[in-house]
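Visitor: I've just opened this one and I'd like to know what the labels on it actually rest on. Could you take me through them?

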Amino acid sequence: MRVSALPMFWACPSSALDCEHPYSPESDAAALGTAVHKALQMMINEASPDPSLSVIAVEHDVDLEELSRLYDIGRDAWTNLRLHAGLDAEVHSELRLEGEAFSGTADIVLVGQDEIVVIDWKSGRLRGDAETQVMGYLDLARKRFGPRPSYRGIVMWLQFGDIEAHDYEDENLDAFEETYARKLENIGKAYAPGVACRYCRRQLECSARREFMQATALAIAEPTCKKLFTPDLLAALYDRAKMLEKCLDQFKDAVSLHVQENGGLDLPNGKRIVERHYQREQYDPRTTWQVLTQQHGFTQEDMAQVLSVGTTAIKRIIGAKTDKGQKVEKQAQALQDIRDANGARTISYSKLIQVKGSNS
Ligand code: SF4
């Protein structure tokens with residue numbers, strides 16, 4: 001078993017069963033993750049302290065701006081984490097660790113006299129159980145380099161700029177091995193359909209998942225008006241509804257693909273789904289500015305209503321003009337200068353997010 005599969009195995013032991021049609025979609029997020037890992041690995045291996053991000057972005061077909069942002073966060077975090085571990089610690093990057101039960105490649109392993117530290121870069125936008133994975137790497141590293149008084153697992157969430165740290169001793173890793181052995185006995189006996197199914201390679205042929213999704217669809221469709229959703233029902237169905245939403249998105253993508261490839265899709269009601277093409281003009285800001293001010297008498301105030309300024313574009317331009325290591329500071333300074341000149345206004349909006357803890 002791969003160490004990266006351990007979180008899913010922890011959530012649902014039967015995810016380790018073999019299957020005939022493994023689900024393994026290619027995704028943009030996976031390409032970005034590979035590109036970020038490569039850039040950070042090159043930075044950590046002294047041979048390439050300054051990787052060419054534009055080359056890596058082209059190689060992996062990912063957005064250079066996003067790659068640069070995640071790389072900068074990872075590099076700054078690495079500088080601090082390296083100091084914490086002590087300069088005498090051995091640094092192993094992309095270290096293959098083999099075990100009898102599970103194996104994997106750890107992003108970074110720092111081996112000191114008194115501590116082993118494992119660092120795992122995460123570039124995804126969804127946070128999940130990463131602790132099981134770093135414990136797996138620490139357990140393998142302990143066997144490879146010998147026991148230490150303490151072990152530290154660090155998950156670097158690059159999208160959020162957050163560091164999640166876990167400290168362990170030998171007894172914690174021993175308990176981890178015991179839990180692993182217990183879960184092995186549940187393969188084929190215990191199924192836990194839920195968020196773990198999202199990345200499970202068995203999802204195309206798992207009857208437990210199918211029944212779970214059918215039950216979710218029924219539970220959501222059953223109440224005939226929103227007042228019938230009690231708080232308990234809303235809470236119980238929230239994550240499940242998200243899973244169903246993802247299935248609906250996949251269904252809509254499949255419809256679009258079919259229509260594009262076949263020119264349309266006939267519906268049982270006698271109608272047909274077709275694709276219509278529309279055009280919308282975009283205006284070059286410099287030409288627009290010139291024409292409207294010189295030929296149509298637009299004032300600066302009029303132009304301010306016509307043009308909009310975006311944070312992302314400002315950051316991108318400053319990032320392109322600034323040396324590495326100073327980008328974040330210069331970007332923040334430019335935005336602060338605009339605020340100080342009364343050039344910013346705050347627009348409030350709300351969206352639903354999940355946070356830790358309960359109100360009760
Ligand atoms: S699809 Fe879901 S329920 Fe089925 S084995 Fe995978 S994680 Fe478990």
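Visitor: Which domains does the assignment give for the protein?

Guide: There are three entries in it: domain 1 (3-185), domain 2 (206-273) and domain 3 (285-340). Those bounds come from an automatic or database domain assignment. Before we go on, this is a predicted model: local features need pLDDT of at least 70, side-chain atom pairs count only at pLDDT 80 or more, and totals for chains, interfaces and linings use all residues. Residues are numbered from 1 along each chain as its sequence is written.

Visitor: How far apart are the C-alpha centres of domain 1 and domain 3?

Guide: They lie 39 Å apart. For scale, the C-alpha atoms of the protein fill a box of roughly 80 × 65 × 50 Å along the principal axes.

Visitor: How many helices and strands are there in the protein?

Guide: You'll find 12 helices and seven strands. Both are DSSP runs numbered from the N terminus: helices are H or I with at least four residues, strands are E with at least two.

Visitor: What makes a residue part of the shell around the ligand?

Guide: Its C-beta atom, placed from the backbone, has to lie within 6 Å of the molecule. For the ligand, 14 residues surround it, and the closest are Cys 12, Pro 193, Cys 197, Cys 200 and Cys 206. Domain 1 (3-185) and domain 2 (206-273) each give at least three residues to that shell.

Visitor: How do the residues of that shell divide into nonpolar, polar and charged?

Guide: Nine are nonpolar, three polar and two charged. The sorting is by residue type: Ala, Val, Leu, Ile, Met, Phe, Trp, Tyr, Cys and Pro count as nonpolar, Asp, Glu, Lys and Arg as charged, and the others, Gly among them, as polar.

Visitor: Why is Asp 61 called exposed?

Guide: Count the C-beta atoms, placed from the backbone, within 10 Å of its own: 20 or more others means buried, 12 or fewer exposed, and in between partly exposed. Asp 61 has 10 others, so it is exposed. It is found in the loop between α3 and α4. Its phi is near 55°, a positive value in a residue other than glycine. Most residues other than glycine have a negative phi.

Visitor: And what makes Asp 162 partly exposed?

Guide: Asp 162 has 13 C-beta neighbours inside 10 Å, so it falls in the partly exposed class. This residue is found in strand β5 (residues 162-168).

Visitor: Why does Asn 342 count as exposed?

Guide: Because it has just 7 other C-beta atoms within 10 Å, Asn 342 is exposed. Asn 342 lies in the segment after α12 (327-340), and its phi is near 60°, again positive in a residue other than glycine.

Visitor: What percentage of the protein counts as buried?

Guide: Of the 360 residues, 19%.

Visitor: What makes a set of residues a nonpolar core, and how many residues has the largest one?

Guide: A core is a set of buried Ala, Val, Leu, Ile, Met, Phe, Trp, Tyr and Cys residues joined through C-beta atoms within 7 Å. The largest has 48 residues, and among those with the most contacts inside it are Val 36, Leu 67 and Val 109. Elements that each supply at least two residues of this core include α2 (28-44), α4 (64-85), β2 (104-111) and β3 (115-122). In soluble globular proteins, nonpolar side chains tend to be buried together.

Visitor: Which residues is Val 36 in contact with, leaving aside its neighbours within four places in sequence?

Guide: They include Leu 67, Leu 70, Tyr 71 and Trp 121. Contact means that the two C-beta atoms, placed from the backbone, lie within 7 Å.

Visitor: How do you know that β3 is mostly covered?

Guide: Seven of its eight residues are buried. β4 is largely enclosed by the rest of the structure too, because six of its eight residues are buried.

Visitor: Do tell me about the pairing: which way do β2 and β4 run relative to β3?

Guide: β2 and β3 run antiparallel, joined by four bridges, whereas β3 and β4 run parallel, joined by eight. Strands pair if DSSP finds at least two bridges between them. Leu 110 stands opposite Val 117 in β3, and Ile 119 stands opposite Ile 154 in β4. β2 and β3 also form a hairpin, with three residues between them.
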